[in-house]
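Trainee: I have a model open and would like to practise reading it with you. Could we go through the reasoning behind some of the labels?

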Amino acid sequence: MYPMVWEAPLSEETIEKLKATFYDDPKNVLAQNACTRVEPLEICTSRCRVQETQHVFSHKIENEGKPISNQKATGRCWIFACLNVIRIPFMKKYNVEDFEFSQAYIFFWDKIERSYYFLNLIVETARRKESVDGRLLSYLLSKPMNDGGQWDMMVNLINKHGLVPKKNFPESVSSEASLQVNSILTSKVREYSIVLRKMVEDGNSDAEIKAKIDEQMVVVYRIVGICIGIPNTKFTWEYMDKSKEYHSVGPITPKEFYEKYVKPVYNVDDKVCLVTDPRPTNRYNQAYTVDCLGNVVGGRRVIYNNQPVELLAELSAKSIKNNEPVWFGCQVSKRFSSKMGVQDLEIHDYKLVFGVDVSVPMTKAQRMIYGESAMSHAMVLTAVSIDEKSEQASKWRVENSWGEERGERGYLVMTSEWFKEYVFEVVVDKSIVPKEVMAVFEQDPVVLPAWDPMGTLAQVI
């Protein structure tokens, strides 16, 4: 171990000075009294900013989805956000009052496909001669079976397995609280990784390795099926529309249901994901991907089209004006009052309580470089306010998936300043994207390492 720069331990004299300096300021004592009894962020919440926040917007999509969804104790926000976007035109088309696609159905197939993807990834990395104690394998093995995901991963699942209404595949205990099933799966795929790496080292044939993975997947399928349930091959969806008229669809397969009833009103292949990564090493108008990131073998790659955040905001506002909500990924935990449902750079007055500001003094690029910021949560934009003078967005309405208890019955308010600092990606229809931006998708993407912050998955619980 290298010696510390100063080679001087924290002395008793220094500690006494720190303590004396603390108690020399009565405001520190007041803040201490408050923060030892109430959560610090609650103490920091600015009453003035709360009073100035109103859930009223100049442009709003025609109808929002009902009911407010709840991902419970899981990291399925990316699934919920996508299905919340899709259900809005679907509900309008079929004239239903409330509706949810089955999040558990997509969750089931993600666990199956992700396990198969991971086992194949172990074989690939073994063939690359990646050391098991190297950075790549250490990263991949750290959390092989988490819940998080990206937009392109959702597209893979929908195109391959289709969709079903929630009534036809309801939640289970493990789909609403995934910690234990994830722990079981994690242990098994790590165990199977030892077997697969040895087979590669021993020179086993592709056919032999494939047979072994198929054998391992029997166990994986059994675990997932026991914990979450197994979807039916075909289902029948019965519903009453707003006119109290009865309808029945099916028997039909989930893929047929998507192709015939959902795709005509929302085609996931018509949507594109734009990201904003301001780090100096990653230029705009460039395509990127992340090594080893995915969930479906043979599915489409996760591709990032890097653009300035101003373009992401402009296209998001345009989408809402076109009556289409926007899936987006952000770092939800920063400058966010969960209880009040406010995402605002000034919602927490850290300086008043602690005497210093937190996080915001760094640039967005610096926060990414130093591990302070990365995408962690996916939600939906359903409304925007446009400033008449600047013609720029001033605030946004956000549909979350944490139930109705937080914010305004489940909805949040986001300022445009917060959007610029903590939003990392948006999904919009390709018809509103400029041709020169669409052309970026035709590039050979630059491959970022697996541990890059742009490879972080939306999975906040």
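**Reading the labels**

Mentor: Gladly. Let's start with Ser 174, which has a relative accessibility of 15% and therefore counts as buried. Please keep in mind that this is a predicted model.

Trainee: What makes Ser 174 buried?

Mentor: Buried means under 20% relative accessible area. Ser 174 has 15%, so the label fits. The residue lies in helix H9. Leaving aside neighbours within four places in sequence, Ser 174 is in contact with Phe 107, Val 181, Cys 227 and Ile 228.

Trainee: Why is Lys 395 called buried or exposed?

Mentor: Set its value against the cut-off again: buried is under 20%. Lys 395 has 18% relative accessibility, so it counts as buried. This lysine lies in strand E11. Not counting residues up to four places away in sequence, Lys 395 touches several residues, including Gln 54, Val 56, Phe 57, Val 384 and Met 414.

Trainee: How far apart are Lys 395 and Phe 57 in sequence and in space?

Mentor: They are 338 residues apart in sequence and 7.8 Å apart in space, C-alpha to C-alpha.

Trainee: And what makes Asn 295 buried?

Mentor: Its relative accessible area is 0%, and buried means under 20%. So Asn 295 is buried. Its place is in the loop between strand E5 (286–290) and strand E6 (304–306). Among the residues that Asn 295 touches, not counting those up to four places away in sequence, are Trp 78, Asp 110, Glu 113, Arg 114 and Tyr 117. Ile 43, by contrast, is 41 Å from Asn 295, C-alpha to C-alpha, and 252 residues away in sequence.

Trainee: Now the other labels. How do you know whether Lys 167 counts as exposed or buried?

Mentor: Exposed means over 50%. Lys 167 has 70% relative accessibility, so it counts as exposed. You will find Lys 167 in the loop between helix H8 (151–161) and helix H9 (173–176). Its C-alpha atom is separated by 16 Å from that of Tyr 246, 79 residues apart along the chain.

Trainee: Why is Asn 95 called partly exposed?

Mentor: Partly exposed covers the range between the under 20% and over 50% cut-offs. Asn 95 has a relative accessible area of 28%, so it is partly exposed. Asn 95 sits in the loop between H5 and helix H6 (103–127).

Trainee: What is notable about the phi of Asn 95?

Mentor: Its phi is positive, about 55°, although Asn 95 is not a glycine. Most residues other than glycine have a negative phi. Glu 391 also has a positive phi, of about 60°, and is not a glycine. That glutamate is in the loop between strand E10 (377–386) and strand E11 (393–399). With 64% relative accessibility, Glu 391 counts as exposed.

Trainee: Which peptide bond involving Pro 67 is cis?

Mentor: The bond that joins Lys 66 and Pro 67, where omega is about -5°. Pro 67 is in the loop between strand E1 (59–60) and helix H5 (77–93). The peptide bond from Gly 250 to Pro 251 is cis too, with omega near 0°, and Pro 251 is found in strand E3 (residues 246–252). Most peptide bonds are trans.

Trainee: Why is H1 called roughly perpendicular to H2?

Mentor: The axes of helix H1 (residues 12–24) and helix H2 (residues 26–35) cross at roughly 90° and come within 5 Å. Angles from 65 to 115 degrees count as roughly perpendicular, so H1 is roughly perpendicular to H2. The residues of their contact divide into four nonpolar, three polar and one charged.

Trainee: How do you know that the length of H1 agrees with its number of residues?

Mentor: At 1.5 Å a residue, its 13 residues should span 18 Å, and the end C-alpha atoms are 18 Å apart, so the two agree.

Trainee: What makes H1 lie largely in the open?

Mentor: Of its 13 residues, the number buried is zero, so H1 lies largely in the open.

Trainee: Last one: which residues touch the most other members of the largest nonpolar core?

Mentor: Ile 86 and Phe 257, in a core of 90 residues. H6 gives the most to this core, with 15 residues. Apart from it lies another core, of 36 residues, among them Leu 381 and Trp 402.

Notes
Residues numbered from 1 in each chain as written. Predicted model: local features only at pLDDT ≥ 70, side-chain atom pairs only at ≥ 80, totals over all residues. Heavy atoms only, no water. Axes fitted to C-alpha atoms, helices over the stretch in contact; angles between N-to-C directions. Helix = DSSP H or I, 4+ residues; strand = E, 2+ residues; numbered from the N terminus. Parallel < 35°, antiparallel > 145°, perpendicular 65-115°, else oblique. Nonpolar A, V, L, I, M, F, W, Y, C, P; charged D, E, K, R; others polar. Expected span 1.5 Å × (residues − 1). Buried < 20%, exposed > 50% of the residue type's maximum accessible area, 1.4 Å probe, protein only. Core = buried A, V, L, I, M, F, W, Y, C linked by side-chain atoms within 4.5 Å. Contact = heavy atoms within 4.5 Å.
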